[in-house]
Amino acid sequence: MMTFKRHKTLDEIRDMCREKCFPIDTEQHDKNGSDWITLGVVAANLFLTVVYSPWNGHFIVKHDDQLYTERSNADDLPWYAETLQLLYVQEENAA
């Protein structure tokens, strides 16, 4: 099981999206104060739309008609594990 020390901030997510050319939509956050942003990520060669809260680190992803969150027990799915690594800062000693 992967362990993380914290979720990424909005600035870190914006930087990651810019570096990886991932689409990001922060309009509702910026204009209306929403806790949620939407971003597209590529994980395990799949394009996924992620609804993410930079305020608390919660996220929602729909894949194969199933919803996954940060609380899902799905670390064995390559796309899920990669998504966690995109959204969270991994512990230094974690493998």
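**Salt bridges in the predicted model**

In this predicted model, Glu 70 is partly exposed, its relative accessibility being 22%. Its partner in a salt bridge is Arg 71, and the N to O distance between the two side chains is 3.8 Å. Arg 71 is classed as exposed, because its relative accessibility of 68% lies over the 50% cut-off. The pair formed by Glu 70 and Arg 71 belongs to a total of seven salt bridges counted in the model.

A network of salt bridges links three further residues, namely Asp 11, Arg 14 and Asp 30. Within this network, the side chains of Asp 11 and Arg 14 form a salt bridge with an N to O distance of 4.0 Å. Both residues belong to helix α1, which spans residues 10-20, and Asp 11 and Arg 14 are separated by three residues, about one turn of the helix. Asp 11 has a relative accessible area of 52% and is therefore exposed, whereas Arg 14, at 24% relative accessibility, is partly exposed.

The side chain of Arg 14 also meets that of Asp 30 in a salt bridge, with an N to O distance of 3.1 Å. This pair connects distant parts of the chain, since Arg 14 lies in helix α1 and Asp 30 in helix α2 (residues 27-32), 16 residues apart. Asp 30 is partly exposed, with a relative accessible area of 46%. Arg 14 thus takes part in a salt bridge with Asp 11 and in another with Asp 30.

Conventions
Residues are numbered from 1 along each chain as its sequence is written. This is a predicted model: local features need pLDDT of at least 70, side-chain atom pairs count only at pLDDT 80 or more; totals for chains, interfaces and linings use all residues. Side-chain values use heavy atoms; hydrogens and water are left out. Helices (H or I, at least four residues) and strands (E, at least two) are DSSP runs, numbered from the N terminus. Buried means under 20% relative accessible area, exposed over 50%, partly exposed in between (1.4 Å probe, protein chains only).
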